[in-house]
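Student: I've got the model open and want to check the labels people put on it. Can we go through the reasoning one label at a time?

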Amino acid sequence: MPLTDTAIRNAKPGVTPKGLKTEKPYKLGDAGGLYVEVRPDGGKYWRLKYRIGGKEKRLSLGVYPEISLAKARERRDAARKLLVEGVDPSEHRKATKAAGVERAANSFEVVAREWFAKLQSTWDSSHADRIKARLERDLFPWIGGRPVAELTAQEVLTMLRRIESRGALDTAHRALGNCSAVLRYAVATGRCERDPTRDLRGALPPLKGGHFAAVTDPAKVGPLLRGIYGYQGTLPVQCALKLAPMVFVRPGELRRAKWADIDLEKAEWRFHVTKTDTGHVVPLATQAVDILRELHALTCRSEYVFPGARSNGRPMSDNAILAALRRMGIGKDEMSGHGFRAMARTILDEVLGFRPDFIEHQLAHAVRDPNGRAYNRTAHLNERRKMMQAWADWLDKQRHGADVIPLRETAA
């Protein structure tokens, strides 16, 4: 039965509507998830119970009598309208508060903060920090207050030209991508009808193609590895440096590695690749297992194999390996964290003669069969185990000064 103002006004703390004494808060329910929470101190608080994404949540709607029954129902209806559009009312409120504006809920900044909150947990923390900084520095000051339904391609382009004019073309391209993602989210949640940034295709100068610096000359691998094994930093950084060429995963995947994903008895590391949204298996060579066993004694109390220097609850900084390479005198034009992937890809193919599809699988690239289906994480796993052990053995030989295997001759 719907609430009445009289029932709320007459509700007494410590006594339920049925006359039962209680020392706990009790509820007076209305409709659509709305209720009043009557507390032992006499406070009467409006709450809305709702579900989104399979989870039950609660939203505060104010205090009675400052917020009347009629006003509480208006707020309930507004929140439920957001739910119909797929928007979490709690996240929407946080976004509006963070925006610090009284504008409509459809302003670009409010919608962008909602979008960010929705996806933040799926991103690496450093990646999320970069996106948030870009939004707050390059987008919100210029288009943050504009209703998404009224935002034009020309307004977005003017903003992008401002970024481009300071020589930050890469940032301009990334800002365009972020803007488009926010507007697509706005379309999906019923705040606008289309993404106008689609009309800006080709409006920015193209980025010049580039590659991560990498050592791909077999003759230079030995000196690089001897430098790595001579590094005198902390044990986690030492071990990360030694494993980087051996497992050749993406730098972010290495530093965020978790002990729960590593089975030292099976010599396997299984994790989910965010970039391709697929599972991945890294067979661990005996050398890799030895390195991890040594490190386990130090970092086993942390969730992360390579915890941060200041906290066991966070992974190693994304700059730790790069900084170590630079301290060893290896310049940014010589080697990068991603460069170990290029090194493995080149030498496994051209020197050790492994099949390119085995290598691509181990790089966690999206490899498909002749029918267009993506191979699963265990594809060619036995062959990849042999390849990873052969690769680790080859790296050891180069580090100890063995003769470099000549490149295979290719057919003319």
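Student: Why are α5 and α7 called roughly perpendicular to each other?

Tutor: First, a caveat: this is a predicted model, where local features need pLDDT of at least 70, side-chain atom pairs count only at pLDDT 80 or more, and totals for chains, interfaces and linings use all residues. Residues are numbered from 1 along each chain as its sequence is written, and side-chain values use heavy atoms, with hydrogens and water left out. Now, the axes of α5 (residues 125–143) and α7 (residues 169–188) cross at roughly 80° and come within 10 Å. Angles of 65 to 115 degrees count as roughly perpendicular, under 35 as roughly parallel, over 145 as roughly antiparallel and the rest as oblique. So α5 and α7 are roughly perpendicular.

Student: What makes the contact between α5 and α7?

Tutor: Contact means heavy atoms within 4.5 Å. Among the residues involved are Ile131, Arg134 and Asp138 of α5, with Arg174 and Asn178 of α7. By class, this contact of α5 with α7 has 6 nonpolar, 2 polar and 4 charged residues.

Student: Why are α9 and α15 called oblique?

Tutor: The axes of α9 (residues 235–247) and α15 (residues 381–399) cross at roughly 125° and come within 9 Å. Set against the ranges above, α9 and α15 are therefore oblique to each other. Pro245, Met246 and Val247 in α9 meet Met388, Trp391, Ala392 and Leu395 in α15. That contact has 7 nonpolar, no polar and no charged residues.

Student: How do you know that β2 and β3 pair?

Tutor: Two strands pair if DSSP finds at least two bridges between them. For β2 (residues 34–38) and β3 (residues 44–52) there are 5 bridges, in the antiparallel sense, so the pair qualifies. Val38 stands opposite Lys44 in β3. The two strands form a hairpin with 5 residues between them, and Gly42 in the turn has a positive phi of about 95°.

Student: And how do you know that β3 and β4 pair?

Tutor: By the bridge count again: β3 and β4 (residues 55–64) have 9 bridges in the antiparallel sense. Arg47 has Ser60 in β4 as its bridge partner. Their hairpin has 2 residues between the strands, and Gly53 takes a positive phi near 60°.

Student: What makes β1 and β4 the edges of the sheet?

Tutor: The open sheet has 4 strands in the order β1-β2-β3-β4, with antiparallel pairing. β1 (26–29) and β4 each have a single partner strand, so one side of each is left without a neighbour in the sheet. From one strand to the next, the twist averages 30°.

Methods: Axes fitted to C-alpha atoms, helices over the stretch in contact; angles between N-to-C directions. Nonpolar A, V, L, I, M, F, W, Y, C, P; charged D, E, K, R; others polar.
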